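Subject: Structure for you to look at

Hi,

Here is the structure I promised to pass on. Have a look at it first, and then read my notes below.

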Amino acid sequence: MKRLFSILAITCVMLLTSVTYTNVYGATTAVSLEDDAQEEGTSSTEERSFTQEMKARFIEGGADYMSPVLLCLILGLAVSIERIIYLNNSTTNSKKLVEGVEEALNSGGVEAAKELCRNTVGPVASIFYQGLDRIDHGVDSAEKAVVSYGGVQMGQLEKNVSWIGLFIALAPMLGFLGTVIGMIKAFDQIEAAGTMEASLVAGGIKVALLTTVFGLIVAIILQVFYNYITAKIDSIVNDMEDASISLVDLLADYSKKN
């Protein structure tokens with residue numbers, strides 16, 4: 001399964017990169033067409049769609065400062081998609097699993113319940129298996145195994161999520177960095193020109209601020225994915241805890257009967 005997730009993540013990165021390059025080249029063409037139209041005395045700004053406008057603005061920001069921001073978006077989305085797929089595959093109907101384990105214990109004993117858990121995908125089933133595997137050593141030993149392995153499964157659920165948080169923080173910072181450097185270059189141009197021309201200042205500042213805008217856009221997009229992932233993890237963890245309590249109760253009743 002891990003290999004499948006890695007392949008899916010790499011595929012997503014390749015697709016996003018391909019789409020990005022297509023958009024960039026498309027934006028370059030759009031900008032050149034706009035320049036031709038302006039030379040002929042026409043205005044194409046009003047005719048451009050939102051997507052075309054964003055492409056053109058991305059090109060205006062410059063590849064040196066926009067590329068790191070774009071890289072944060074691509075990597076952040078790749079990790080987010082991989083986590084979403086993993087978490088969706090980790091979701092289990094714990095109530096149905098508890099009922100199945102109880103029925104298996106009553107009909108076929110511990111081995112039948114372990115076989116059911118082996119054939120069930122998800123962290124809850126893995127935790128159940130560890131508890132059932134140690135029931136011969138007593139309920140206390142089984143409970144400790146459930147708690148310990150629950151912590152391991154929680155770590156698997158939270159794996160790589162910190163990278164999304166890093167990209168959320170990094171994208172605006174890179175945007176601010178590009179803005180500051182762009183402002184410095186704008187003032188260098190003013191100093192070299194020896195005069196304060198409005199067009200010179202406005203053009204340099206506009207280009208500098210674009211990196212901040214795109215950095216914030218990337219952070220907003222990744223923040224939505226991050227919140228969804230953390231909410232999904234919390235839901236699965238709560239489900240794991242409730243199911244673990246039910247399993248311990250089942251094992252306690254089973255030990256009394258046997």
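Let me start with a side-chain pair: Ser94 and Asp239 are joined by a polar contact of 2.5 Å between their side chains. Before you read too much into that distance, keep in mind that this is a predicted model. Ser94 sits in helix α4. Its relative accessibility is 11%, so Ser94 counts as buried, the cut-off for that being under 20%.

Helix α4 is the part I'd open next. Helix α4 covers residues 94-118, and a straight helix of 25 residues would span 36 Å at 1.5 Å a residue. So how far apart are the end C-alpha atoms of α4? They are only 14 Å apart. There is a bend to go with that: α4 turns by about 140 degrees at Gly108. If you want to see which parts of α4 are covered, the buried residues include Leu97, Val98, Gly100, Val101, Ala104 and Leu105. Gly109, Val110, Ala113, Lys114 and Cys117 are also among the buried residues of α4.

Next, an arginine. Arg83 belongs to helix α3, which runs over residues 63-90. Is Arg83 buried or exposed? Its relative accessible area is 2%, so Arg83 is buried. As for partners, the side chain of Arg83 reaches the backbone oxygen of Gln156 at 2.9 Å. A polar atom of that side chain also lies 3.1 Å from the backbone oxygen of Leu157.

Then there is the surface. Trp163, Leu166, Leu170 and Met173 make up a nonpolar patch there, and together they have about 390 Å² of accessible area. Leu166 is part of helix α7, residues 161-193. With 38% relative accessibility, Leu166 counts as partly exposed, because that class lies between the 20% and 50% cut-offs.

Finally, the overall picture. The secondary structure of the chain consists of eight helices and zero strands, so if you read the elements from the N terminus, the order is α-α-α-α-α-α-α-α. The chain has 258 residues, and 36% of them are buried.

If you only have a minute, go to Gly108 and look at the bend in α4, then turn to Arg83 and its contact with the backbone oxygen of Gln156.

Cheers

Definitions and conventions. Residues are numbered from 1 along each chain as its sequence is written. This is a predicted model: local features need pLDDT of at least 70, side-chain atom pairs count only at pLDDT 80 or more; totals for chains, interfaces and linings use all residues. Side-chain values use heavy atoms; hydrogens and water are left out. Patches are made of residues with over 30% relative accessible area and no salt bridge: like charges are joined within 9 Å, nonpolar side chains (Val, Leu, Ile, Met, Phe, Trp, Tyr) within 5 Å. Accessible areas come from the Shrake-Rupley method with a 1.4 Å probe; for residues, only the protein chains shown count as cover. A salt bridge is a side-chain nitrogen of Lys or Arg within 4 Å of a carboxyl oxygen of Asp or Glu. Helices (H or I, at least four residues) and strands (E, at least two) are DSSP runs, numbered from the N terminus. Buried means under 20% relative accessible area, exposed over 50%, partly exposed in between (1.4 Å probe, protein chains only). The expected span of a helix is 1.5 Å times one less than its number of residues. The bend at a residue is the angle between axes fitted to the seven residues ending there and the seven starting there. A polar contact is a pair of N or O atoms within 3.5 Å; within protein, one must be able to donate a hydrogen and the other to accept it, and residues adjacent in sequence count only if both atoms are side-chain atoms.
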